[in-house]
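Reader: I should like to discuss this structure by question and answer. Please show it before we begin.

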Amino acid sequence: MEFDTVIHGGTIVTASERYAGDIGITDGRICAVAERLAGGTRRIDAGGRLVMPGGIEAHAHIAQESASGIMTADGYLSGSISAAFGGNSSFIPFAAQHRGQSIDDVIATYDARARPSVIDYSWHLIVSDPTEEVLHDQLPRAFARGITSLKVFTTYDLLNIGDAGMLDILSVARDHGALTMVHAENHAMVAWMNGELGARGLTAPKYHALSRPELAEEEAINRAITLAQLSGAPLFVVHVSTAGGAARVQRARGEGGQVFAETCPQYLALTRDDLDRPGMEGAKFICSPPLRDAATQDALWRHVQTGTFDSVSSDHAPYRFDGTGKLMHGQGAPYPKIANGMPGIAARLPWLFSEGVVKGRLRLEDFVALTSTNAARIFGAAKKGRITPGMDADIAIWNPEAVRKVTLADQHDNMDFTPFEGMELTGVPEIVMTRGEVIVAHGTLHGKEGQGRFFARAPMGRTGRPGMPVKEVELMRAGAGQ
Ligand code: DUC
Ligand code: ZN
Ligand code: ZN
């Protein structure tokens, strides 16, 4: 067999095992994995390093306007380059519907925006306006195109769709094998806290953390899971930041629910103390849900280690520390006027490798599962996230011993700060490939603008999760002969 490329001499790591082996690649696909492979037009010597599936970033905001109209600093060129330097071969950012927009127009817009991408991409929709047409005409068309996941919000004035809207969306998604993701925080509790803090004149960045209590997330996760249970739909809870929220996910799974969840490095690496940096510096650390405390970090780590979280995603939401982003409402803006979100697409994998694998919290196989394989499985990326014949050759070769300090320049994004600045991390993705093409090698970009491709995703299967039956719904169905 002749190969375009052979990667040889590495330790292949998958979500289930590690072994010494070579990988043969032809036409962008893995076509052989064996102890030793001869040939190859190009031979890449992995030199004993780790050869893993390239990361799949399943939560990133790229070329996306917030509901209040602030554009992210990264478009698909800089966002994908930053992702690639961070060890990712593909990503699934959001395509956001704002009220009044049709889903078809949203997809056409992001189709154009994503063209410069260096890595492969798909989208999760954000649905903020679930009209009859959206539910029964536009969404099914998007699902048929392979955009098989969507996100809803329980908070923010312009995004929150309410419990009834959520039930409508969950039901439509269920009928088409699509997955509903949820940003879960109780809107009224946050609004009430904003009022209480404002009345006391407490509007510096650090009060953002108080304005969105852990209780608000725990309540909304419980409610989202309960609504998913009633509608019999699968659910993915994004950016879980609380022990109570994670425990609720864990309980639902124990009861048979098809409930998935992620957390993010910032909730494990940073605390609300970071919001209390001098002057407006704290604004850099404003994200929602907010950073918590050390006890919550410990609890979240336990959930990462014991499988409550399927993935660790960056929630890359790049708003610069200037008038285009964080400081759009001026230097002394009160926290409710400061854009929510922080960058992290390049830092996600090196941070998790260093703090997880190198510090002995995670096995290498867990790292692969949490950063690539699980996202591929859950979001229906059938050709990605695994090293086995037939898969896209999306591969990252890691030097597990190289030590690097996080700098802004190393993020290769369009930001003017990184919240991970100065952290010393062990483990570097030295070579990153997308469909057999080297896009990053030893700190140099080889990927070309526009070389990334959209990938369609499959609907979800239901096998293996019995679900959480609801008596009354079963009686209703029986009564209707369904
Ligand atoms: N939720 C996100 O997922 N990202 C940025 C801001 C937010 O509220
Ligand atoms: Zn969110
Ligand atoms: Zn997000």
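Author: Helices H2 and H3 are roughly parallel to each other, a term for angles under 35 degrees. This is a predicted model, in which local features need pLDDT of at least 70, side-chain atom pairs count only at pLDDT 80 or more, and totals for chains, interfaces and linings use all residues. Residues are numbered from 1 along each chain as its sequence is written, chains are lettered from A and ligands numbered from 1 in the order in which they are written, and side-chain values use heavy atoms, with hydrogens and water left out.

Reader: At roughly what angle do the axes of H2 and H3 cross?

Author: Helices here are DSSP runs (H or I, at least four residues), and strands are E runs of at least two, numbered from the N terminus. Axes are lines fitted to C-alpha atoms, for helices over the stretch in contact, with angles from 0 to 180 degrees between N-to-C directions. The axes of H2 (residues 103–114) and H3 (residues 132–144) come within 9 Å and cross at roughly 30°.

Reader: Which residues of H2 meet H3?

Author: Contact means heavy atoms within 4.5 Å. On the H3 side the partners are Val134, Gln138, Leu139, Arg141 and Ala142, and on the H2 side they are Ile103, Asp104 and Ile107.

Reader: Which residues coordinate the zinc ion (ligand 2)?

Author: Donors are N, O and S atoms within 2.8 Å of the metal (3.2 Å for Na, K and Ca); water is not among the atoms, so sites may look incomplete. At 2.0 to 2.1 Å, the coordinating residues are His183 (ND1) and His239 (NE2).

Reader: Is His183 buried or exposed?

Author: Buried means under 20% relative accessible area, exposed over 50%, and partly exposed in between (1.4 Å probe, protein chains only). Because its relative accessible area is 2%, His183 is buried.

Reader: Which protein donors serve the zinc ion (ligand 3)?

Author: The zinc ion (ligand 3) is separated from the zinc ion (ligand 2) by 4.2 Å. Lying 1.9 to 2.1 Å from ligand 3, its protein donors are His59 (NE2), His61 (NE2) and Asp315 (OD).

Reader: How many residues apart in sequence are the parts that His59 and Asp315 tie together?

Author: Both residues are buried, His59 with a relative accessible area of 0% and Asp315 with 8%. His59 belongs to strand S6 (residues 55–60), while Asp315 is in the loop between strand S14 (311–312) and helix H11 (348–358), so the parts tied together are 256 residues apart.

How values were computed:
Parallel < 35°, antiparallel > 145°, perpendicular 65-115°, else oblique.
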